[in-house]
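Work through the exercises below with the sequence and the model side by side, trying each task before reading its solution.

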Amino acid sequence: MKMKGWYRRLAAMLPLAAIAFLLSGCGVNMGVLDPKGTIARQQLDLIIISSILCVIILVPVLVMTFWIAWKYRSNRKQGDAAYKPNWSHSGKIEAVMWGVPIVIILILAIITVQFTHKLEPSKALASEEKPITIEVVSLDWKWLFLYPEQGIATVNFVQFPKGVPVEFKLTADSPMNSFWIPQLGGQIYTMSGMAMELNLIADEEGEYPGKGANFTGEHFGKMGFIAKASSQEEFDQWVADVKKSSPSLSQQGYDELAEQSVIDTKVTYSSFPDGLFDRIVTKYSAGTGSGHHHGSSSSAGEANDSGHEGMNHEGMDMGAEGATASSASQTAATEEHEHHHE
Amino acid sequence: MDKIKDFASDFFVTGDPLIYGADVAIVLVTVAIVAVLTYFKKWGWLWREWLTTVDHKKIGIMYILAALLMLFRGGVDALLMRTQLIMPNMDFLKPEHYNEIFTTHGVIMILFMAMPLMFGLFNIAVPLQIGARDVAFPVLNSLSFWLFFMGAMLFNLSFVIGGSPNGGWLAYPPLTEKMFSPGVGQDFYIWGIQISGIGSLMTGINFIVTILKMRAPGMTLMKMPMFTWSVLASSLTIILAFPILTVTLALLFIDRFLGAHFFTLDGGGNPMMYINLIWMWGHPEVYIVILPAFGIFSEVVATFSKKKLFGYTSMVFALMSISVVSFFTWAHHFFTMGSGANVNAFFAISTMIIAIPTGVKVFNWILTMYKGKISFKTPMLWTMGFIPCFVVGGMTGVLLSVAPADFQFHNSYFLIAHFHQVLIGGVAFGYFAGLYYWWPKMFGFSLNEKLGKWAFWLWNIGFYVCFMPQYVLGLMGMTRRYSTYGWDTGWFGLNLVSTIGAFLMGAGFLFQVWQILHSIKFMEKDTTGDPWDGRTLEWSIPSPAPMYNFATDPQVREVDDWWEEKQRLASGGAPRPKPALEPIHMPKNSGMPFIKATFWFIAGFGFVFDWMWMAIPGLIGVAACMLAHSFNYDTDYYIPVDEIERTEAAARRGV
């Protein structure tokens, strides 16, 4: 008896402990479950709608499973009266069995198609305010944000006014990553050689954690950033401060930034080279020819031999050396190429 | 001297106590194995009975042993990761080490654990279920096994030699190109998978031919056991999917080895192409491993409910439609690549469609139990654990398939929890059920039920404790593959719980090992050949099955022929007349597969280190083996009637 009481107390404790853990979540960021923007809010709605549709089928299935397993257990009291070893087909039941999932999936499919078009990330958001454009580059292992309209740049920190649609243009100068601010909306990949688009809007002021959600090597875990939504005035003030007091980002500065490293603090720049984003996108495109790209895919040792040692950080592994050497030479090569365009 | 030192410090992985421990363990185990074999003069036995065997039952046992070893290795990887994540800012594993571990965990669990365990069960059960003497191509079958084995060994070698791959289990370029991964780890990945992949493809071909051509007289397709159907569906998927994997990895190898630009950042390369290709294989791959599990559950539910499987035709249709539709869903792994609304909508819907036949199967199993007489032996317990787990996992899969919502789930722990739920709750539970179910047929003794129940409950409770918190963590924004997280994230509590769950599952595995050892010691011999009151042909012969399986070809009249026959006998029917014994035509053992796979291993190792002096002789050896085998006409023999009589009499003595 004593044993039994102990069991019962433990059983009562477990859910309590679980709740305590979840409640401890109240003080912290609940991510997707605590949306602060129109897109994230609609995505959460969609998650809830689809969950309900699933639960409609889930609950009866679970109840049926355990009820039937219990009722028809071999050592049951009522004996073998209900035992029908050859009952294995029923047209009606099978019609229901196929029909119910088909109907549920049909409903879900219709909802999905609608939402897929509605929430297409590259679609501009309807708003009275004029959107702000921010260019995003994922690097090993940090995020670079360029403000073409304001002329400033930041690392691992992005600020924009609340209630104003933000048009992110994204690319990568490193392996593919994924740009994700859970409280504002879903993620999108950043890929070299192409510019992706993601439209988000923040409804409330606040600092929202952002993530690099796709694995890009050793220190990919350090690619968190802060997305701050502030009032328009505060934003303008911040831009003015950055312009006044921060250093500027040169092309050479960018090339150094693009090398493999971790940056723990947020960094701001009062200016950046014209057309930097487009240059990063186009430098990988096929048209630039492969003649310039020695060292990228031949062995790392060869890249090392080709005279780029001067650009490399000390203590980096061979791969990093090969990588930075080649990207630096490409940038130099494509600069000329870009000139013709402008 | 310094040169040798330099070489050794590059060649052997150094600087980590875990790895030094492994080095010592490997040397000790190798010495012990060699010593024991030599002392007991067992080398000849090992060569004759195992290394050269073409018997599908022995090949099956070797697959299963290797898979359980790999389950141990993959499981240790998992526990190391969960230990690292037990609390914020842990310094147990460095990021680089953590990246290696999640890579090897994924590769080993899918390709070197799930696949061989599945092939082991194919080998054990399919020929016996369809009343065949062996598979269609016994030597090829042995070659498949040894290629898998050598591929797995090559991959595992990277732990102590050269360094493990660290680019994720699907090795997305450009991260895995020479530019970002200059080490040999990625080459171990490519060659380990390539070599075993050839084996998988050949197994697919072998079982399709076996099932289509070798069935006992009277067994039409629609009278086949459901497991055999699921193997057919899975094998068809294998032969369509695995060539894509082979080509994809070959292209990646050409990039790395010859400096081509298929998937590089520059030079016109397109990494997105790789991601498409790898998932064109990768998504069918998960159905390849789950379909046979569905087959196992179908057998187990019917056997332990003592009732015919409900909706046989629906079941067959569901299996086959899953294997077709599985080829049209790959892009749901990257809705976030910006393909546009129409493409995403297409792949979202094709993914949801798979939920329909899958749901139908669940109803079929439940209705098979309905009005049955259910006994909860361990295979049935795993099935009961499977149904709720898989239904919930399937539902979260449907949630993930809703493309716009996936933008919020993608690459988060929500996704991790989902696929572990379907892969552990579906695939692992399914193969465990199959292992417990066919164990007496394989070895002639049953596994201890009590220890089996402990293992079952530890695995089951451990599973939910481990993975339910991960759904919440994903929604809170925890991204997969983070090696640490800060206190400010608020992820501590849930991660702690999750780690506890992982260790509970680890304890469940230990109970299974204990269960096997205990059962070997206190052997409960299966003298009937039919310990579960089975329904299909494999239970009509002694346990373990004689070398030639069936003394005379069984004549099949209906689905569950053995069950019907037993019913007929019980109600006073006369036993069927036994046809006279005839000499049985059998394949001879062959050393070629083992030798050829060893040459593949040598070639693979050479390519990993760019040692052409090693790779080229390896390939020449492979070609020589092919040539030699083509001219080998001494491949078969007959078992005379009196030997069959002696074997049958000995096997039936206990009855």
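**Exercise 1. Find which residue Gly206(A) stands opposite in E10(A), and describe the surroundings of that residue.**

Step 1. Gly206(A) stands opposite Ala229(A) in E10(A), where helices (H or I, at least four residues) and strands (E, at least two) are DSSP runs numbered from the N terminus. This is a predicted model, in which local features need pLDDT of at least 70 and side-chain atom pairs count only at pLDDT 80 or more, while totals for chains, interfaces and linings use all residues. Residues are numbered from 1 along each chain as its sequence is written, and chains are lettered from A and ligands numbered from 1 in the order in which they are written.

Step 2. Ala229(A) is buried because 28 other C-beta atoms lie within 10 Å; a residue counts as buried if 20 or more other C-beta atoms lie within 10 Å of its own, as exposed if 12 or fewer do, and as partly exposed in between, with C-beta atoms placed from the backbone.

Step 3. Leaving aside neighbours within four places in sequence, Ala229(A) is in contact with Phe160(A), Lys162(A), Ala202(A), Glu204(A), Glu205(A) and Gly206(A), contact being a distance within 7 Å between C-beta atoms placed from the backbone.

Step 4. In a regular strand the side chains alternate between the two faces of the sheet. The covered face of E10(A) holds Phe225(A), Ala227(A) and Ala229(A), and the uncovered face holds Ile226(A), Lys228(A) and Ser230(A).

**Exercise 2. Place E10(A) in its sheet, and state in what order the strands lie.**

Step 1. The order is E4-E10-E9-E6-E7 in chain A, an open sheet of 5 strands with mixed pairing; two strands pair if DSSP finds at least two bridges between them. The edge strands, each pairing on one side only, are E4 (157-161) and E7 (185-190) of chain A. From one strand to the next the twist averages 20°.

Step 2. E4(A) and E10(A) (residues 225-230) run parallel and are joined by 5 bridges. Within E10(A), Ile226(A) stands opposite Phe157(A), and Ser230(A) stands opposite Pro161(A). Strand E9 (residues 206-212) of chain A, in turn, is joined to E10(A) by 5 bridges and runs antiparallel to E10(A).

**Exercise 3. Describe how H11(B) and H12(B) pack, starting from the angle and the distance between their axes.**

Step 1. Two packed helices are described by the angle between their axes and the distance between the axes. For H11 (residues 341-369) and H12 (residues 378-401) of chain B, the angle is about 165° and the axes are 9 Å apart; axes are lines fitted to C-alpha atoms, for helices over the stretch in contact, and angles run from 0 to 180 degrees between N-to-C directions.

Step 2. That angle makes H11(B) roughly antiparallel to H12(B), because angles over 145 degrees count as roughly antiparallel, those under 35 as roughly parallel, those from 65 to 115 as roughly perpendicular, and the rest as oblique.

Step 3. The residues of H11(B) that meet H12(B) are Ala348(B), Thr351(B), Met352(B), Ala355(B), Thr358(B), Val362(B) and Trp365(B), and their partners in H12(B) are Ile387(B), Val391(B), Gly394(B), Val398(B) and Ser401(B). By class, this contact has 8 nonpolar, 4 polar and no charged residues, where Ala, Val, Leu, Ile, Met, Phe, Trp, Tyr, Cys and Pro count as nonpolar, Asp, Glu, Lys and Arg as charged, and the others, Gly among them, as polar.

**Exercise 4. State how many residues of chain B are in contact with chain A, and which element gives the largest share.**

Step 1. The contact involves 85 residues of chain B and 89 residues of chain A. H11(B) gives the largest share of the side of chain B that touches chain A, namely 16 residues.

Step 2. By class, that side of chain B has 48 nonpolar, 26 polar and 11 charged residues.

**Exercise 5. Compare the backbone and surroundings of Asn411(B) and Asp610(B).**

Step 1. Asn411(B), although not a glycine, has a positive phi of about 60°, and phi of Asp610(B), also a residue other than glycine, is near 60°.

Step 2. Asn411(B) lies in the loop between H13 and H14 (413-443) of chain B, whereas Asp610(B) lies in the loop between H18 (592-608) and H19 (612-630) of chain B.

Step 3. Asn411(B) counts as buried, with 24 C-beta neighbours inside 10 Å, while Asp610(B), with 13 such neighbours, counts as partly exposed.

Definitions and conventions:
Two residues are in contact if their C-beta atoms, placed from the backbone, lie within 7 Å.
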